[in-house]
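Got the viewer up and your selection box ready? Let's go for a walk through this model, one selection at a time.

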Amino acid sequence: MLKFSDYEYKRPDIEQVKIQFNQLLDAFRNAEKLEEQEQVILKVNQLRDDVSTQGNLAFIRASIDTKNEFYENEKNYFDEAQPEFEALITLFYEELVKSPFRNELEEKWGRQFFDLADYSIKSFSPEIIPLLQEENRLSSEYSRLVASAEIEFNGDTLTLAQIDPYTESTDRETREKAVKAKFDFFAENEAKFDSLYDSLVKTRHEIALKLGYKNFVDVGYLRMLRVDYDAEKVAKFREQVRTFVVPLAIKLRERQQERIGVQELMFWDESLEFLTGNANPQGGPEWIIDKGKQMYQELSDETNEFFSFMNERELMDLEAKKGKEAGGYCTFIENYESPFIFSNFNGTSGDIDVLTHEAGHAFQVYMSRHSSIPEYIWPTHEAAEIHSMSMEFLTWPWMENFFGDQTEKYKFTHLSSGILFLPYGVAVDEFQHRIYEKPDMTPEERKAVWKELEEIYLPHRNYGDHNYLNRGGVWQRQGHIYEDPFYYIDYTLAQICAFQFWKKSREDFDNAWKDYVHLCKLGGSKSFTKLLKEANLKSPFEEGSLESVVKEIEHWLDGVDDKML
């Protein structure tokens, strides 16, 4: 059995790949029978998987250790080569959508394959390759800058992930010092963060102009492959959040203020849920994994098989360490049919959220891993986040294994934090719309936009005397804004769907789980709203869908005496 450390990395020769790809395209164009084109599609997809496998291995190993020169160089190579490879895939899409056998191919592979191809064509041109390379370079520079953080605190040198437990301390002075130390890093590097984002915005705007769009907003939606909804529907969803969620979020912050006994809830108080301390896992990384094995073994045969696969092949790198990139992710290594989970465990409840959230992604891609169409391995992002966020709730019956007598604390925090996240999530989305609609804003003007949005969505926020935060700099910690433009509303849409799974699992767990597994097996074979129908979920865009689920959650939270936890 091969383990992740055995997975072989070999840099693909992009020039040789171009030759092979063009030969296959010629064969596709000249095919006289449907069967011939189908065979070429499979060969094209295998070549794509070959390249993507190596790109993923370079990406994973570079993110695990940003000081590893070899894989940093290889990641840089892919930053340069990836747009050229994207150009080849676009050529393939262009041939695919005008195939004389399109009807037959659609019948076999599904309409979604062709819709995704159409959108990808609209968001690419060979003319923008140098700009895409520059965009990749700037995004990687942001990752390295964040990973470089070395924060002196209490006699230790900590990464951003390692300082987070101190931001949840029951000692208010410690919390304040930790939060300020964390954001002092961003303040000290403010000019770099400003410059990087300014360059990214202007580069993306130039990409949009070269593609024939007035600004990057349209390109952002095309890149996210949102085939069945648009910016107008998203704006109406944000309005629903303002109407039905912001008032509840304010109420929850007031409860928190009373619960932790502070006269005024400051920014550094937001991470502390209870004076007796937040719910934290009762053991370290290895203990958590052992408990995870038990949980997934008991949950279902499918999850038992999946989690055994992940463990036996060492497909998780979970502990925070110096030189490791921040955050967490799940990716998929195509030729090995292997999901991979990356995280930064730090002793907080977030460690368990990773074990459920990123494992939700990994479980989905494991269930759809045999698809011969790369586009169907993953769904589009907002659908993909349903799998991760819903797994967090579907594993509630096992939370006592991790939290013991703090389980009720964890559940209250988990559900309320889902509500509290929604206003922030839509603020990030609206911020990006505003920024890309006016790409010539100065860094100061961008921060002023953020402050304005905080007044609408997060009116409780109080940063005290921290100059950088008061000027609207907090968003610079959000990597998605730099690296994945417009990838954020997805979390909020998925959160509403995950809340529905929470509700369904309490009423009829077996049927909820059945719907969830069915959704995972479908992968990306259908669009977002069509996947929702398959899983018996209401679309967040439907009138009343948000209001009904939020009221159900409010009722549950009101039934908890949180002062006694």
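Start by selecting His 361 and whatever surrounds it. Setting aside neighbours within four places in sequence, His 361 is in contact with Cys 330, Trp 378, Ala 384, Glu 385 and Ser 388. Show Ser 388 as sticks too: the side chains of His 361 and Ser 388 make a polar contact at 3.3 Å. His 361 itself sits in helix H14, which covers residues 350-367, and counts as buried at 7% relative accessibility. Keep in mind as you go that this is a predicted model.

Next, the salt bridges. How many does the structure hold? The total is 57, so let's just sample a few.

Pick Glu 38 and Lys 108. Their side chains meet in a salt bridge, 3.6 Å from N to O. Glu 38 belongs to helix H2 (residues 34-64) and Lys 108 to helix H4 (residues 102-109), so this pair ties together parts that are 70 residues apart in sequence. Colour Glu 38 by accessibility and you'll be looking at 13%, which counts as buried.

Stay on helix H4 and select Arg 102, then add Asp 118. These two form a salt bridge, with 3.9 Å between the closest N and O atoms. Arg 102 lies in helix H4 and Asp 118 in helix H5 (residues 111-122), so here the parts being tied together are 16 residues apart in sequence. Buried or partly exposed: which is Arg 102? At 19% relative accessibility Arg 102 counts as buried, because the cut-off for buried is under 20%. Asp 118, with a relative accessible area of 24%, is partly exposed.

For a bigger selection, grab Lys 251, Arg 255, Arg 259, Glu 273, Glu 554, Asp 558 and Asp 562. Salt bridges link these residues in a network.

Now move to Asp 317 and Lys 324. The closest N and O atoms of this salt bridge are 2.6 Å apart, and both Asp 317 and Lys 324 are buried.

Keep Lys 324 selected, since it leads to the next stop. Lys 324 is one of the residues lining the second largest cavity. Add the others: Val 146, Ala 147, Thr 159, Leu 160, Ala 161, Lys 321, Glu 325, Ala 326 and Asn 344. What kinds of residue make up this lining? Five are nonpolar, two polar and three charged. Helix H6 (129-147) and helix H7 (160-163) each supply at least two residues of the lining. The volume of this cavity is about 60 Å³, and the structure has three cavities of 30 Å³ or more.

Two backbone oddities round off the tour. Select Glu 314 in the loop between helix H13 (301-312) and strand E3 (316-319). Glu 314 isn't a glycine, yet its phi is positive, at about 55°. Glu 314 is partly exposed, with a relative accessible area of 41%.

Then jump to Phe 486, in the loop between helix H20 (479-483) and helix H21 (489-507). Phe 486 is another residue other than glycine with a positive phi, near 75°. Where Glu 314 is partly exposed, Phe 486 is buried, with a relative accessible area of 0%.

Definitions and conventions:
Residues numbered from 1 in each chain as written. Predicted model: local features only at pLDDT ≥ 70, side-chain atom pairs only at ≥ 80, totals over all residues. Heavy atoms only, no water. Salt bridge = Lys/Arg side-chain N within 4 Å of Asp/Glu carboxyl O. Helix = DSSP H or I, 4+ residues; strand = E, 2+ residues; numbered from the N terminus. Buried < 20%, exposed > 50% of the residue type's maximum accessible area, 1.4 Å probe, protein only. Polar contact = N/O pair within 3.5 Å; in protein donor to acceptor, adjacent residues only side chain to side chain. Contact = heavy atoms within 4.5 Å. 1 Å grid on protein atoms, 1.4 Å probe; cavity = no way out; pocket = protein on both sides within 12 Å on 5 of 7 lines; lining within 4 Å. Points joined across faces, edges and corners; volume = space filled by probe spheres on them. Nonpolar A, V, L, I, M, F, W, Y, C, P; charged D, E, K, R; others polar.
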